[in-house]
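Let's get to know this structure together, one question at a time. Please take a look at it first.

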Amino acid sequence: MALDVLIVDDSGAIRKILQRVLIQAEIPLGKVYEAGDGVEALEALKQHPVGLILSDINMPNMDGLQLLSAVKAQATTRHVPMVMITTEGSSAKVMEAVSLGAAGYVRKPFTAEQIKEKLAGLF
Amino acid sequence: MTHEMKVAAVRDAAHSVFEMMLGVTLKDCEPTREENSPVHTDGVVALVGLAGDWAGTGAFRCSAEMARKVSGLMLMQEFAAVDQDVLDAVGEITNMILGNVKTTFEEKLGPMGLSIPTVIYGRNFITRSVGRCEWSVVPFELDGGTLEIQISLAKSAPKSLGSNHKDRLSTVVSMEV
């Protein structure tokens, strides 16, 4: 079954790169939706249920950790694995993301292989 | 936090970002230490703020041609001009480099915040950081062109001194129209 994905990052460049990595990752990819911050992501999730969320942390309006909390608080989305892909590398941020329910944490810069390995562990 | 420690952190971060995200290796050039805020006059400059018990500014600076080159390498496409995609890519490169520098600094200086990058492109502009602080300028060479990472960091003023304390850092940009 095809996997629909939501990519959340305020950088269009990173969204483009992650789309390319997803195509290369040889997972059965369905539709890929994009959002520039947490607010846009929650709006997108209301209209398009997805099977995976890849999200930055440091974003305007609503950051990735606030988005993670909101996703895990909603019955319709709490089952969706959410992988944080971010420059935030401090152990405190990693611990916070894990405690909020993140399915994985990848630090920028990343290689395509690192993303593929992280996704392979989820599906 | 010495000049040498800042240079080492910037070099580590810049090499990682360019090798992992752009597939190229930067050549290190001689770093310098500047007493005043470096002056920019044209090209592309991306600025991020660092905040916490220690605060400062990080900047990525390069020519328009270099900005098109690094964006093209990152996004695997050619750019004929500096457009929104180029500015976005330069902003993200800056975010990744200075974000990793911040993580290195946090091990010694405690938690810090990193602002979302501001990217400026044009001619006849000047950027200036207000406040007294030494800058470390770390240049690199790529395919015959150069790019620079600049960073300043100083202990934050105690909160009781208020927002007008002269050692606080902020960056202003002025443009000649």
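Q: What makes Tyr33(A) the bridge partner of Leu6(A) in a pair of strands?
A: Leu6(A) has Tyr33(A) as its bridge partner in S2(A). Strand S1 (residues 3–8) of chain A and S2(A) pair in the parallel sense over 5 bridges; two strands pair if DSSP finds at least two bridges between them, so these strands count as paired. Strands here (E, at least two residues) and helices (H or I, at least four residues) are DSSP runs, numbered from the N terminus.

Q: How should the names and the model be read?
A: Residues are numbered from 1 along each chain as its sequence is written, while chains are lettered from A and ligands numbered from 1 in the order in which they are written. This is a predicted model, in which local features need pLDDT of at least 70, side-chain atom pairs count only at pLDDT 80 or more, and totals for chains, interfaces and linings use all residues.

Q: Which strands are the edge strands of the sheet in chain A?
A: The open sheet has 5 strands in the order S2-S1-S3-S4-S5 (chain A), with parallel pairing. Strand S2 (29–35) and strand S5 (104–107) of chain A each pair on one side only, as edge strands. From one strand to the next, the twist averages 20 degrees.

Q: Why are H2(A) and H3(A) called roughly parallel?
A: The axes of helix H2 (residues 38–47) and helix H3 (residues 64–73) of chain A cross at roughly 25 degrees and come within 9 Å. Axes are lines fitted to C-alpha atoms, for helices over the stretch in contact, and angles run from 0 to 180 degrees between N-to-C directions. Angles under 35 degrees count as roughly parallel, over 145 as roughly antiparallel, 65 to 115 as roughly perpendicular and the rest as oblique. H2(A) and H3(A) are therefore roughly parallel to each other.

Q: Which residues of H2(A) and H3(A) meet?
A: Gly38(A), Ala41(A) and Leu42(A) in H2(A) meet Gly64(A), Gln66(A), Leu67(A) and Ala70(A) in H3(A). Residues are in contact if their C-beta atoms, placed from the backbone, lie within 7 Å.

Q: How many residues of chain A are in contact with chain B?
A: Chain A has 17 residues in contact with 20 residues of chain B. Helix H1 (residues 12–24) of chain A gives the most to that side of chain A, with 4 residues.

Q: What is the mean pLDDT of chain B?
A: The mean is 88, and 88% of the residues of chain B reach 70 or more; pLDDT is the predictor's confidence in each residue, from 0 to 100.

Technical notes: Two residues are in contact if their C-beta atoms, placed from the backbone, lie within 7 Å.
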